[in-house]
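Here is a short tour for anyone who likes to know a protein from the inside out. Keep the structure open beside you as you read.

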Amino acid sequence: MSDFKKTALVTGGSRGIGAATAEALGNAGYCVTVNYLKSQGSAEALAGRIGGTAFKADVSDPSDAEALVKSSGGAGVLVLNAGISLVKQIQDTTPEDWRRLFSVNVDGAYNVIRAALPDMLREHWGRIIIISSMWGIRGASCEAAYSATKAALIGLSKALAKELGPSGITVNCLCPGVIDTDMNRALGEETLRSLAEDTPLMRLGKPEDVANAVLFLASDAASFITGQVISVDGGYAV
């Protein structure tokens, strides 16, 4: 296995799903670049534990995305996890709200992929793993903007799988359900309890549940898997 196949870049890697993913990859022997925007202390502590590096970048900014990829030295495994959420009825969602969600969640993925592709194309190998959401499949009331961005990522994943497959690059999309993260804890205990009860496995997901799926898709065991949208949601979306 070449060194390129053991390099990874995780956007939004300082907390929650991103942090668990970076840790899993690091523990599996990958050289990981942990991207962060605000949580410098957490990102640097995580990078220190796994022998990786932390790099501050706003992925919604193309120049920041290019600098991030350059700092990684070229990543064979790309995990697009950076994202923000919004709980508002559509009539209360401002144009600024809408644009901000798309700029981070969708443009951010595009910016990093575009910057990382030259190295993957040169190596004729790559793993692109995009983190969407079950709400990108089902849609969520009062989260129309967020759901729209996550649905866009699903479409992006499928299209890129067809486009990049001949170049030896796989592209897959993970759709987490309700995961026990800081973002979801803002929903409140009562709402989270209800969501857990509506999940066939009767619990919230853990960041590690998603990280383990990423680890599989990054591995040679998943070399013939591309263009797939895989739910990691305890059966919620069934």
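What follows looks at open and enclosed spaces, then at a few individual residues. Please bear in mind that this is a predicted model.

**The largest pocket**

Let us begin with the open space. The largest pocket holds about 1200 Å³, and 48 residues line it. If you would like to find its centre on screen, look for Arg 15, Gly 83, Ile 84, Ser 85 and Met 183, the lining residues that lie nearest to that point.

Several elements share in this lining. Helix 1 (16-27), strand 2 (31-36), helix 4 (95-123), helix 6 (144-164), helix 7 (182-185) and helix 8 (189-197) each supply at least two residues. Helix 7 makes the largest contribution, with four residues. Sorted by class, the pocket lining has 22 nonpolar, 17 polar and nine charged residues.

**The enclosed cavity**

A search of the whole structure also turns up one cavity of 30 Å³ or more. The space in this largest cavity comes to about 40 Å³. Around the cavity sit Thr 11, Val 59, Leu 80, Asn 81, Ala 82, Val 104, Gly 108, Ala 109 and Val 112. Helix 4 gives the most to this lining, again by way of four residues. The cavity lining counts six nonpolar and three polar residues, with no charged ones.

**Two buried residues, Asn 35 and Leu 153**

Asn 35 belongs to strand 2. With a relative accessibility of 2%, Asn 35 is classed as buried because that value is under 20%. Its side chain comes to 3.4 Å from the backbone oxygen of Phe 55. Leaving aside residues up to four places away in sequence, Asn 35 touches Val 10, Thr 11, Gly 12, Gly 13, Ser 14, Phe 55, Lys 56, Ala 57, Val 59 and Leu 68. Two of these neighbours, Thr 11 and Val 59, also appear in the lining of the largest cavity.

Leu 153 sits in helix 6 and is buried too, at 2% relative accessible area. Its C-alpha lies 8.1 Å from that of Asn 105, although the two residues are 48 apart in sequence. With residues up to four places away in sequence set aside, Leu 153 touches Asn 105, Val 106, Ala 109, Ile 130, Ile 131, Ser 132 and Cys 173.

**Cysteines**

How many disulfides does a search of the whole structure find? The result is zero. Why is there no bond at Cys 173? The closest cysteine sulfur, in Cys 175, is 4.3 Å from the sulfur of Cys 173, which is too far because a disulfide needs the pair within 2.5 Å. Cys 173 is buried, at 0% relative accessibility, whereas Cys 142 is partly exposed, at 33%.

**Two positive phi angles**

Finally, two loop residues have a positive phi without being glycine: His 124 and Met 202. The table sets them side by side.

| Residue | Phi | Loop | Relative accessibility |
|---|---|---|---|
| His 124 | about 55° | between helix 4 and strand 5 (126-131) | 46%, partly exposed |
| Met 202 | near 60° | between helix 8 and helix 9 (207-218) | 55%, exposed |

Met 202 counts as exposed because its 55% is over the 50% cut-off, while His 124, at 46%, is partly exposed.

Definitions and conventions: Residues numbered from 1 in each chain as written. Predicted model: local features only at pLDDT ≥ 70, side-chain atom pairs only at ≥ 80, totals over all residues. Heavy atoms only, no water. 1 Å grid on protein atoms, 1.4 Å probe; cavity = no way out; pocket = protein on both sides within 12 Å on 5 of 7 lines; lining within 4 Å. Points joined across faces, edges and corners; volume = space filled by probe spheres on them. Nonpolar A, V, L, I, M, F, W, Y, C, P; charged D, E, K, R; others polar. Buried < 20%, exposed > 50% of the residue type's maximum accessible area, 1.4 Å probe, protein only. Polar contact = N/O pair within 3.5 Å; in protein donor to acceptor, adjacent residues only side chain to side chain. Contact = heavy atoms within 4.5 Å.
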